[in-house]
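Please look at the sequence and the structure shown here, and then read the report that follows, which deals with helix packing and with a metal site.

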Amino acid sequence: MARKIGLYGILSYILYGLFFYWYLFYFADSSLPFEYEGSSADPATFLNGRELTLSEEYSKIRNLLFFLSTPFEWLLYIFVLLTGLSGAFKKWAGQSSKFKMVQVAIYTFWLSLFAYAVTFPLSYISHSLSKSYNISTQSFPSWMKDELIDFWINFGTMLIIVAVVYWLMSKSQKRWWLYAWLLSVPFTLFVMFLQPVVIDPLYNDFYPLKDKQLEAKILELASQANIPAEHVFEVNMAEKTNSLNAYVTGIGANSRIVLWDTTLNRLTDDQILFIMAHEMAHYVEKHLYIGIAGYLLLSLIGLYLVARLMNIVVAKWGEVLRIPRVNDIRSFPLFLLLLSVLMFAASPFSNLVSRYQESRADKYAIEMTDNVEAGVKTFQELSRAGLSQVNPPLLVKLFRYGHPTMLERISMLEEYELEKRRESQE
Ligand SMILES: [Zn+2]
């Protein structure tokens with residue numbers, strides 16, 4: 001039975017992978033609708049021939065890697081259960097009832113180490129791909145250092161989750177998911193609060209803007225939007241990547257706008273101001289808080305479903321998956337598997353919400369700066385720097401795009417321009 005499930009699992013994964021290979025490389029049409037040809041959204045007008053080919057190639061491979069990696073994780077958890085590895089990790093953790101926490105920590109360590117080792121080749125391929133297309137500029141030691149930080153942060157988070165969830169399960173078989181969710185609310189807020197000052201600085205250096213002239217211009221814009229000055233930061237990313245970015249992070253006193261130094265180095269002041277205006281929209285419209293609320297709502301539904309599904313799966317396949325009871329720590333890979341499947345299934349929905357917020361931020365930015373040329377150039381430069389597709393295939397957009405596509409973003413600016421001209425003629 002275990003062998004049969006394993007075989008079906010691998011077969012479905014291969015078929016799934018072949019489907020996406022066919023979809024991304026042969027079926028999906030990412031060429032531009034003809035009415036956009038020659039417009040400023042047409043990559044042929046702002047990329048050279050080599051950049052055009054590279055961006056098509058690179059995006060296709062990146063997209064394939066994306067679709068392969070999440071279900072690969074699922075396969076991994078199924079493997080850990082079917083082969084009894086989860087039981088072995090538990091055995092290695094010892095049976096001592098005195099030091100429950102130590103036992104939980106050792107189990108979690110083996111499980112995360114195994115998961116890390118198995119997924120390492122995919123992460124490495126993804127890093128070298130990004131390097132060979134000259135997106136990433138990060139040396140192997142520096143990349144490995146980031147990977148290790150990731151590993152320990154993941155381990156720490158997982159440890160907290162295992163300890164709390166299995167303790168709650170032992171207290172209440174029926175309501176553990178609800179109590180777990182209630183505890184996750186302050187925990188999430190606490191992590192969000194600490195993120196910009198404790199977690200992010202483990203990876204990179206953050207400091208106030210270096211270019212004081214530019215800072216003055218940004219502060220003037222910020223005062224129009226009523227954003228206090230001390231909330232704009234620069235981060236040294238140039239030693240890691242060639243791509244451009246800016247984002248809003250943190251909550252309460254730690255909330256801030258962060259600009260990658262690559263963005264500051266590669267764009268003109270007008271373009272940077274356009275990006276800043278976009279980020280200010282997120283800040284002013286409190287998109288981060290809406291995002292947290294949405295996340296908490298989804299996790300309530302998610303935890304409820306995980307609890308229901310765990311009961312069903314363990315009752316039906318407990319023997320073959322070698323899980324005697326739901327509240328046995330050996331069921332943790334099943335917990336992670338179900339959570340990951342649900343999150344993947346929910347991602348088109350959360351991306352949709354995010355795309356809506358992003359398009360609002362774009363509108364806010366163009367109304368605030370009223371500089372269409374700077375906006376268009378910014379989007380073109382973003383596409384070039386990240387070798388991203390202007391018009392990605394539908395499934396890629398649904399599952400991967402938290403931002404509108406560049407085609408949509410640039411056309412929105414052009415429409416704004418047209419609208420303005422029409423108004424001035426009346
Ligand atoms: Zn944004």
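At roughly what angle do the axes of helix 4 and helix 5 cross? In this predicted model, the axes of helix 4 (residues 100-132) and helix 5 come within 9 Å, and they cross at roughly 145°. Helix 4 passes helix 5 in a right-handed crossing, and the contact between these two helices has 19 nonpolar, four polar and two charged residues.

Helix 5 (residues 140-171) also meets helix 11 (residues 332-369), and here the axes come within 12 Å and cross at roughly 110°. Angles from 65 to 115 degrees count as roughly perpendicular, and helix 5 and helix 11 are therefore roughly perpendicular to each other. On the side of helix 5 the contact is made by M158, I161, V162, V165 and Y166, while helix 11 contributes F332, F335 and L336. Sorted by class, this contact of helix 5 with helix 11 has eight nonpolar residues, but no polar and no charged ones.

The two helix pairs can be set side by side.

| Helix pair | Axes come within | Crossing angle |
|---|---|---|
| helix 4 and helix 5 | 9 Å | roughly 145° |
| helix 5 and helix 11 | 12 Å | roughly 110° |

The metal site comes next. The zinc ion has H278 (NE2), H282 (NE2) and E358 (OE) as its protein donors, which lie 2.0 to 2.1 Å from the ion, and in sequence these donor residues follow the spacing H-x3-H-x75-E. Both H278 and H282 belong to helix 9 (residues 269-284), where they are four residues apart, or about one turn of the helix. H278 is buried, with a relative accessible area of 6%, and H282 is buried as well, with a relative accessible area of 9%.

Terms used: Residues are numbered from 1 along each chain as its sequence is written. This is a predicted model: local features need pLDDT of at least 70, side-chain atom pairs count only at pLDDT 80 or more; totals for chains, interfaces and linings use all residues. Side-chain values use heavy atoms; hydrogens and water are left out. Axes are lines fitted to C-alpha atoms, for helices over the stretch in contact, and angles run from 0 to 180 degrees between N-to-C directions. Helices (H or I, at least four residues) and strands (E, at least two) are DSSP runs, numbered from the N terminus. Angles under 35 degrees count as roughly parallel, over 145 as roughly antiparallel, 65 to 115 as roughly perpendicular and the rest as oblique. Contact means heavy atoms within 4.5 Å. Ala, Val, Leu, Ile, Met, Phe, Trp, Tyr, Cys and Pro count as nonpolar, Asp, Glu, Lys and Arg as charged, and the others, Gly among them, as polar. Donors are N, O and S atoms within 2.8 Å of the metal (3.2 Å for Na, K and Ca); water is not among the atoms, so sites may look incomplete. Buried means under 20% relative accessible area, exposed over 50%, partly exposed in between (1.4 Å probe, protein chains only). A crossing is left-handed if the near helix is turned anticlockwise from the far one by less than a right angle, and right-handed if clockwise.
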